Amino acid sequence: MTDHAHKPSVSQAEAEAAVRTLIQWAGDNPDREGLLETPKRVAKSYRELFQGYEVEPREYLEKTFEEVGGYDELVVLKNIRFVSFCEHHMLPVVGVAHVGYLPTDRVVGISKLARVVRGFARRLQIQEKMTSDIAGAIQEVLRPHGVGVVIEAEHSCMTMRGVDVPGASLSTSCLLGVVREDPRTREEFLRLVRG
């Protein structure tokens with residue numbers, strides 16, 4: 001169990017008060033009709049958007065299937081859409097993850113790969129850490145011959161503010177085991193996720 005899965009130490013009322021303060025700080029009146037329910041809605045949406053702190057994504061990988069019929073090629077799930085939040089500005093990071101592994105003697109249901117991505121995505125973080133966390137969890141639990149994770153995402157902190165470059169996206173990858181070490185396997189994985 002990581003240090004992420006925990007119960008919040010701040011109450012709903014405290015979270016709502018913080019949102020009221022931010023509304024005031026931005027220059028508006030939190031008692032204005034259109035903003036009266038905003039603190040409650042923001043707190044509720046944050047609870048959903050940060051669900052990753054309430055789950056342990058590795059647990060999704062524990063139910064596996066050993067009847068693989070001799071299958072010994074890459075398993076790749078592409079275009080897993082996610083929303084995360086950058087830990088520096090708490091603004092959305094929206095993108096897709098491509099996840100693959102070369103099984104040894106067992107496979108996991110493909111929906112579980114998407115759940116692992118979502119579990120890690122719904123936290124405050126940098127994309128590089130999210131990429132390595134996903135790959136590390138798959139390697140640790142499934143013990144495959146190798147793992148590959150590629151993430152492509154647009155960071156609102158760059159596209160909405162600061163340098164303000166809409167359309168710019170960041171690509172990160174984490175390759176482990178034979179996906180990293182064997183040139184043919186690496187090339188096959190990268191071709192599958194980009195093709």
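How far apart should the ends of helix α2, with its twelve residues, be at 1.5 Å a residue? Keep that in mind as you read these notes, and remember that you are looking at a predicted model.

1. **Checking a helix with a ruler.** Helix α2 covers residues 38–49, and at 1.5 Å a residue its twelve residues should span 16 Å. In the model, the C-alpha atoms at the two ends of α2 are 16 Å apart, which agrees with the expected span. You can try this one yourself in the viewer.

2. **One face turned inward.** Stay with α2 for a moment: T38, P39 and A43 are buried there. Looking down the axis of α2, you would find its buried residues within an arc of 130°, so they line one face of the helix. What do they pack against? The partner of these buried residues is α1, residues 12–26.

3. **The chain as a whole.** Now step back. The chain has seven helices and seven strands. Starting at the N terminus, the order of elements is α-α-β-β-β-β-α-β-α-β-α-β-α-α, so α1 and α2 open the series and a run of four strands follows. The C-alpha trace spans about 65 × 35 × 25 Å along its principal axes. Of the 195 residues, 39% count as buried.

4. **Contacts across the sequence.** Take the contacts between residues at least 6 apart in sequence: 68% of them join residues at least 24 apart. G177, in strand β7 (residues 170–177), gives you an example to look up. G177 and G146 are 31 residues apart in sequence, yet their C-alpha atoms are 4.1 Å apart in space. Setting aside neighbours within four places in sequence, G177 is in contact with H145 and G146. G177 is partly exposed, because its relative accessible area is 24%, and the buried class needs a value under 20%.

5. **Two cysteines without a bond.** A disulfide is a covalent bond between the sulfur atoms of two cysteines. How many does this structure hold? The count is zero. Look at C86 and C157 to see why: the sulfur of C86 has its closest cysteine sulfur in C157, at 3.9 Å, which is too far for a bond. The cut-off for a disulfide is 2.5 Å. Both cysteines are buried, C86 with a relative accessible area of 6% and C157 with 13%.

6. **A cavity inside.** Searching the whole structure turns up one cavity of 30 Å³ or more. The largest cavity holds about 30 Å³ of space. Its lining is made of S84, F85, V93, Q125, I126, Q127, M130 and H155. Two elements give two or more residues to this lining, namely β2 (75–86) and α4 (127–142).

7. **A pocket to visit.** The second largest pocket has a volume of about 170 Å³. Of the 14 residues that line this pocket, Q127, H155, C157, M158 and L170 lie nearest its centre. You have already met some of these names: Q127 and H155 are also in the lining of the largest cavity, and C157 is the cysteine whose sulfur is 3.9 Å from that of C86. At least two lining residues of the pocket come from each of α4, β6 (146–155) and α5 (156–159). Which element supplies the largest share? That is β6, with three residues.

Note on methods. Residues numbered from 1 in each chain as written. Predicted model: local features only at pLDDT ≥ 70, side-chain atom pairs only at ≥ 80, totals over all residues. Heavy atoms only, no water. Expected span 1.5 Å × (residues − 1). Buried < 20%, exposed > 50% of the residue type's maximum accessible area, 1.4 Å probe, protein only. Arc of directions from axis to C-beta. Contact = heavy atoms within 4.5 Å. 1 Å grid on protein atoms, 1.4 Å probe; cavity = no way out; pocket = protein on both sides within 12 Å on 5 of 7 lines; lining within 4 Å. Points joined across faces, edges and corners; volume = space filled by probe spheres on them.
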